[in-house]
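Hi,

Here is the structure I said I would pass on. Have a look at it first, and then read my notes below.

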Amino acid sequence: MNASGEPSPQSTELNLRAARKAQTLSAFSSASSYVDYGIQTIPKYTDWGPDYSLPVEIYSIGAEVELSLGNVEKAVFYSRQIMDQKNVAPLDKVRAYKVHAKKLYMARCPDEALKVCLEILGMLGCSFPKLGQKLQANIDLDRTKRNLSKIESLATKALVTDTFTLELVSLLEQAASTALQAGNKAMYTILRCRSVQLIIDNGLSVHAASCFASFANVMMHEKGDWETGVKLALLAMQIQDRLDSKYTETSTLFKVNQLVLSWAMPLKGRHASIIKGYRSGMVSGNIEGGCWCLMLAIWCQFYDGTPLDCVLKDCEVYTAKMESLRQKNQMNITKWHWQLVLNLVGDPANPNTTVMSGTATSEDEANNMVAELNMKTVKLFACAHFGDYETGADIALKLGESHYLKLSGMAVFGFERFDRGICLYAMARKTGKRKYKKEAKAVRSRLHEWVSKGAVNLIHHLDILNAEDAALGNDRKKANTLYNTAVVNSVRGGFLADAGLANERYADFLLLCGEEDEAKHRLQQALQYYSEWGAKKKVQVLKGTWARVLN
C-alpha cells in the first residue's frame, strides 16, 4: 500500500510474479487469486498505453489459468481484454488468441478455432492459401522431406531464444492440431510443414520435439514413408531429452506413442512411456495432455492383452481422475473402453453384450462425431468377439474410409479395421453376398499394406484375415495352415483375445468341413485363452453358443 492506502505498482508486480510462479507449479487456484489481486491495482496507475507489458502479462496468465481451472467465461473475458486493444502488438496478443482458440476447440468448434489461429498467424506475417490447399500441401511436404535429408543432425541444432520464433512455433503447433480436429487435412499438412521448416531454419524451440512427433505422423500416414516417420519419432524423443520442459514432454510422448510407435513397435513396450507422459503433465500443469496419456494407457492395456481385471481397475481410477480434473473429452472416450471391458467380464446393468450402455456409459452419450466414432470402434470389437457379425458388418459398411482420412495416424484404426474384417468375412461366409465379400477383401488389403510397411502389431490380425479369406474360398488346406499360424502368432504376441477369436473362427470353419472333433478342440482352446484374459462373460456366451459341440 502507498501513503494514501491505495495499492502500489510494486504490489501489482509482486502479485504478477507470484501468479507466474504459481502457474509454473500448477497451483492454478493460487495463481488465479494472485491475478485477481494484481488486476485490481492496474487502473490506479497505468492503462493500455505504450507501456502495456504489465496488463498484457497479468491478463494473459489469468486467461491461461482460468482455462486450466475450467472457468471458461472468465478465461474468455481476460483474453478479450487483450485482443480488443488496438495498440497492443500482434505478438503480444498471441497468448490471448491461443486461449480463445483453445476455448473454441474444447467447445467442439474446431473450424472457428482454426480461423482464430490463422487470424493471428496472418497478423504475424504467415499467409496461407484459401484455394488450392491440397496442391500446396503436396508441394510443402515434398520440400520439407528434402530438407530432412540428415535427420540425425537435427537433434544437435542450437536452441532458439527469440520470442517471435518461440511464439510462432507454438501457434503453428496449436493451429495444426485444430486443423486436424476440423478435418482439414490439407491445412494440417501445410501447418506441420511450416513448423518443421521454421525449426530447421532457426533452431530448436521448446515445442520442437512435439512438432517432429506430429510430422512423423504426416510422413507415415500421408506420405506413406514409414521408415522416415519412425526416424522422426525417435528424433522427437531425443530432442525432448535436451529440452527442460515436462509440459511439452507430455505432448511429445502422447503423439509419438499414439501416432507412430504403437504402429511400428510392439504394443507391450509402450505403456511405461505413456504413463511417463501422464506424470510429466501432472507436474507441469499440462493437465489436458496428461489425461490424454491416461486415455491412451487404457487403450494400450486393453489391446496388448493385459488381464481385464487390471484394465477394469485402471478404468475406474483414471475416469475418476479425469472427472476431478474436468477433462470431459478424455473421460468420455475412456468410458467407452470401460463399458467394453464390463461387457466382456459381465455387467449386471447390461445383459446385451454388444450394446455399449451400462454401468460406465450409454450409447446416448455418442452425441458428436468423435464420440460416435469411439463408440462404434468398441462396438465393432464387441460384435467381432461376441458373434454379432451382422451388426458389426453393417457398422463397417456405413463407416467407410471417411474417419480414417480425417484422423489418420491413430493406432486404434488398425485394430478397428481388423474387427471390421472379422464381421465382414463372417457375413460373407454366411450369406455369400457380394457387398460383404468386396468390403472384406478391401479391409484385408489395407491391413496387408500396413503390415508390409511395418505395422508389427497387426501381423497376427492379417494372419487371421488371410485364414478367413482362404476359408471363404473353401481352400481347406490353406485355411488350416493359416489359422494355425494365426493362433501361434497371437499367443506369441500375448494377444489372448485374438488367439481365442482365431480358434473360434477356425472351429466354425472346421464344422462346415465336417471335422467336429478338431472343432471341439479349437473351441476348448478359445475358452482357455478367453479365460486367461479374464473375459468371463465371453466364456459364458461361448459355452452357450457352442454347447452342442462342446458337450
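Searching the whole structure, which is a predicted model, turns up two cavities of 30 Å³ or more. The largest cavity holds about 100 Å³ of space. Its lining has 13 residues, and F302, Y303, F381, A497 and D498 are the ones closest to the centre. Three helices each give at least two residues to the lining of the largest cavity: helix 14 (287-303), helix 20 and helix 24. By class, that lining comes out as nine nonpolar, two polar and two charged residues.

The second largest cavity has about 40 Å³ of space. You can click through its whole lining quickly: N332, K335, W336, T361, E365 and A371. Helix 16 provides the largest share of that lining, with three residues. The classes here are two nonpolar, two polar and two charged.

Now for an open site. How much space lies in the second largest pocket? The answer is about 240 Å³. There are 15 lining residues, and those closest to the centre of the pocket are G387, Y389, R505, D508 and W546. At least two residues each come from helix 20 (412-431), helix 24 (496-512) and helix 26 (536-545). Helix 20 and helix 24 therefore turn up in the linings of both this pocket and the largest cavity, going by how helices are numbered. The pocket lining divides into seven nonpolar, two polar and six charged residues.

Next, a charged residue that I'd like you to look at. E167 sits in helix 8 (residues 163-181). It is buried but makes no salt bridge. Why does K98 not count as a partner, although K98 is the nearest side chain of opposite charge? The two are 4.2 Å apart, and a salt bridge needs a side-chain nitrogen of Lys or Arg within 4 Å of a carboxyl oxygen, so this pair falls outside the cut-off. K98 is still in contact with E167, as are L91, V94 and R95, once neighbours within four places in sequence are left aside.

G62 is another buried residue, with a relative accessibility of 1%. You will find G62 in helix 3 (residues 53-68). Not counting residues up to four places away in sequence, G62 touches V35 and Y78. If you want a distance to check, the C-alpha atoms of G62 and R20 are 9.6 Å apart, with their positions 42 residues apart in sequence.

Last, some backbone angles. Most residues other than glycine have a negative phi. R326 has a positive phi, near 60 degrees, and is not a glycine. It lies in the loop between helix 15 (308-324) and helix 16 (328-345). Is R326 buried or exposed? Its relative accessibility is 54%, so R326 counts as exposed.

N474 also has a positive phi near 60 degrees, again in a residue other than glycine. N474 belongs to the loop between helix 22 (459-472) and helix 23 (476-492). With a relative accessible area of 54%, N474 is exposed.

Cheers

Key: Residues numbered from 1 in each chain as written. Predicted model: local features only at pLDDT ≥ 70, side-chain atom pairs only at ≥ 80, totals over all residues. Heavy atoms only, no water. Helix = DSSP H or I, 4+ residues; strand = E, 2+ residues; numbered from the N terminus. Buried < 20%, exposed > 50% of the residue type's maximum accessible area, 1.4 Å probe, protein only. Lys, Arg positive; Asp, Glu negative; His and termini not counted. Contact = heavy atoms within 4.5 Å. 1 Å grid on protein atoms, 1.4 Å probe; cavity = no way out; pocket = protein on both sides within 12 Å on 5 of 7 lines; lining within 4 Å. Points joined across faces, edges and corners; volume = space filled by probe spheres on them. Nonpolar A, V, L, I, M, F, W, Y, C, P; charged D, E, K, R; others polar.
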